[in-house]
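This report describes the architecture of one protein chain for a reader who is new to structural biology. Please keep the sequence and the three-dimensional view at hand while reading.

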Amino acid sequence: MTWLNSSREEDAADRMGPAAMDKANSAPGQPESRPGHDPYGTPPYGQPGPWAPAPPVQRPSPTPPAGTYVPPEHTTPAGGTHLPPGGTPAGGTHVPPRYDPWAGHGSAVPPPAALPGQAGGQAAEPDHPRTSSLVAGAAVVALIAGLIGGGVGSYLERNGTFSDVRLEQTVTENGPAPEGSIAGIAQTVVPGVVTLHVSGSGEAGSGTGFVLDDEGHILTNAHVVRPAAEGGVIDVTFSSGDSARAEVVGQDSGYDLAVVKVSGVSGLSPLTLGDSDAVRVGDPVVAVGAPFELAGTVTSGIISATERPITAGGEEADGSDVSYVNALQTDAPINPGNSGGPLVDINGRVIGVNSAIRTADSGGFDTGQAGSVGLGFAIPVNQAKDVAEQLINTGRATYPVIGVTLDTGYLGDGARVGSSSDTPAVVPGSPADEAGVRDGDIITAVDGERVRSSDELIVKIRSHRPGDELELTLEREGEDMALTVTLGESDGD
């Protein structure tokens with residue numbers, strides 16, 4: 001032990017005396033130390049001696065039971081306050097370091113630092129098993145998450161979502177349509193509208209009609225049933241889908257109206273007839289028919305004009321198919337197949353019979369296969385009612401006349417009375433003859449309404465009934481005059 005060897009050297013020095021110690025410390029060949037000097041004397045307190053410092057005293061650290069590490073002196077006291085040598089304890093009093101002559105300068109070993117969480121500054125042993133368990137657990141969780149994520153991604157790629165998309169939608173209770181609405185009008189009118197399929201004389205076509213009464217009378221256009229005039233066939237299809245064979249009761253080309261009848265059919269829905277004289281421009285209307293055989297088609301619009309004089313037909317060489325109508329004009333879409341169908345007002349009452357349209361390509365009024373351009377024309381129901389009653393009761397219809405022949409080649413304003421043959425222009429004994437009309441007179445107005453052509457004069461006259469009185473304004477030899485005429489009657493022969 002170092003401590004024991006150092007003690008023996010001090011005892012020997014005491015026995016030899018100062019002289020011996022001075023010689024012993026003198027190097028060979030050097031003069032001895034100065035007289036009276038004791039090289040082995042004790043130096044002043046705190047000063048180093050002339051010899052090399054002794055190594056520090058090594059004190060064994062006892063090992064407590066169970067292998068607990070006990071730190072050397074100057075450890076951290078209980079409570080966690082570290083007191084280094086010469087440090088300041090709690091309370092602020094400075095304690096100077098204790099002199100250790102056996103300790104070398106700068107050779108003190110600081111005590112081990114206390115690990116966090118250890119009371120009394122004891123060093124914590126590393127927890128290697130716990131760390132390994134955490135790493136293994138994290139790896140397992142990552143593996144499971146990866147498998148789940150891969151499965152979910154694969155499903156979404158194939159199916160898009162976990163479930164089908166469901167979009168929100170309002171639910172409306174089924175009930176009657178509001179009164180006066182287009183839907184309400186359609187519910188009222190459509191059951192009384194029929195589709196006619198006509199064939200005969202090498203022709204075939206289709207059109208529309210509507211039920212007049214419970215006996216099976218149906219009103220339509222004359223040009224719709226014309227192919228069945230000589231032994232043809234008319235099949236009527238109702239809104240329910242049921243069909244029945246129909247027969248022609250009567251027709252009149254001058255008004256372009258006809259009545260057919262079905263037998264043995266029950267549960268018919270006759271439509272209510274309105275008053276066309278009460279119709280005003282701008283009134284809303286609805287047209288129902290089978291354009292291009294699309295049965296039950298409903299279109300809507302307004303009354304664009306009233307008392308619009310039109311002529312339709314004219315395909316026959318003798319002009320027997322020309323119709324003259326003082327029509328209601330509407331912008332409700334009317335197309336081929338709508339012919340003979342009803343034009344109804346906001347209350348679902350029939351105010352006209354759809355008959356013709358103005359086409360952009362032909363430049364005239366057409367009952368053929370051209371499409372609608374928003375110019376549709378209907379026969380006023382007041383006129384249609386009179387004709388229908390005559391056709392049902394007698395099979396024929398009459399119309400009013402004044403008994404004159406008109407010069408169709410006249411290009412001036414008005415209708416000129418004149419004949420291109422030996423036949424007199426004014427029929428003797430006719431209403432015009434009795435009123436004083438003469439050959440060469442130019443009729444310019446009827447009841448104050450201006451007349452621009454011969455066709456307009458015919459339309460104006462036929463919009464009235466036999467027996468009605470009309471005031472004719474005419475021009476004779478440069479002078480204007482007015483005459484009153486009572487309309488006569490003709491059956492079309």
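Glu179 is placed in the loop between H3 and helix H4 (182–189). The model is a predicted one, and all values in this report are computed from it. With a relative accessibility of 83%, Glu179 counts as exposed, because the term applies to residues over 50%. In sequence, Glu179 and Asn347 are 168 residues apart, yet their C-alpha atoms are 8.2 Å apart in space.

**The chain as a whole**

The chain contains eight helices and 20 strands. Of its 493 residues, 33% are buried. The chain exposes about 29300 Å², and carbon and sulfur atoms supply 52% of this area. When contacts between residues at least 6 apart in sequence are considered, 59% of them join residues at least 24 apart.

**The barrel**

In what order do the six strands of the barrel follow one another? The barrel is closed in the order E1-E2-E3-E6-E5-E4, with antiparallel pairing. On average, neighbouring strands of this sheet are turned by 40° against each other, direction ignored. Helix H6 (residues 381–394) packs on the sheet and touches E3, E5 and E6. The direction of H6 makes about 50° with that of E6.

Several pairs of strands in the barrel can be followed in detail. Strand E2 (residues 203–211) and strand E3 (residues 217–220) run antiparallel and are joined by two bridges. Here Val211 stands opposite Ile218 in E3.

Strand E4 (residues 233–237) pairs with strand E5 (residues 243–252) in the antiparallel sense, over four bridges. Within this pairing, Asp235 stands opposite Arg245 in E5. The hairpin of E4 and E5 has five residues between the strands, and in this hairpin Gly241 takes a positive phi near 100°.

E5 also pairs with strand E6 (residues 257–262), again in the antiparallel sense and over six bridges. The bridge partner of Gln251 in E6 is Ala258. The hairpin of E5 and E6 has four residues between the strands, and Asp256 takes a positive phi near 55° there.

Asp256 also appears among the contacts of Ser323. Ser323 lies in strand E9 (residues 323–330). Is Ser323 buried or exposed? Ser323 is buried, because its relative accessible area is 2% and the term covers values under 20%. Apart from neighbours within four places in sequence, Ser323 is in contact with Ser253, Gly254, Tyr255, Asp256, Ile310, Thr311 and Ala312.

**Two helices with respect to the surface**

Helix H8 (residues 454–462) is mostly covered, with seven of its nine residues buried. The buried residues of H8 are Ser454, Glu456, Leu457, Val459, Lys460, Ile461 and Arg462.

Helix H3 (residues 128–159) contains Ile148. Ile148 is exposed, as its relative accessible area is 54%. Together with Val140, Ile144 and Val152, Ile148 forms a nonpolar patch on the surface, and the four residues have about 330 Å² of accessible area together. An α-helix has 3.6 residues a turn, so residues three or four places apart point the same way.

**Salt bridges**

Side chains of opposite charge can pair when their charged atoms come close. How many salt bridges does the structure hold? There are nine salt bridges in the structure, and the table lists three, including the distance between the nitrogen and oxygen atoms.

| Acidic residue | Basic residue | N to O distance |
|---|---|---|
| Asp345 | Arg349 | 3.2 Å |
| Asp386 | Arg465 | 2.6 Å |
| Asp407 | Arg416 | 3.3 Å |

The salt bridge of Asp386 and Arg465 links distant parts of the chain, as the two residues are 79 residues apart. Asp386 belongs to helix H6, while Arg465 is in the loop between H8 and strand E18 (469–476). Arg465 is partly exposed, with a relative accessible area of 44%.

In the salt bridge of Asp345 and Arg349, Asp345 is buried at a relative accessible area of 13%, whereas Arg349 counts as partly exposed at 36%. In the salt bridge of Asp407 and Arg416, Asp407 is partly exposed at 26% relative accessibility, and Arg416 is partly exposed with a relative accessible area of 29%.

How values were computed: Residues numbered from 1 in each chain as written. Predicted model: local features only at pLDDT ≥ 70, side-chain atom pairs only at ≥ 80, totals over all residues. Heavy atoms only, no water. Pairing = 2+ DSSP bridges. Patch = residues over 30% accessible without salt bridge, like charges linked within 9 Å, V, L, I, M, F, W, Y side chains within 5 Å. Areas by Shrake-Rupley, 256 points an atom, 1.4 Å probe, with all protein chains shown as cover. Salt bridge = Lys/Arg side-chain N within 4 Å of Asp/Glu carboxyl O. Buried < 20%, exposed > 50% of the residue type's maximum accessible area, 1.4 Å probe, protein only. Axes fitted to C-alpha atoms, helices over the stretch in contact; angles between N-to-C directions. Contact = heavy atoms within 4.5 Å.
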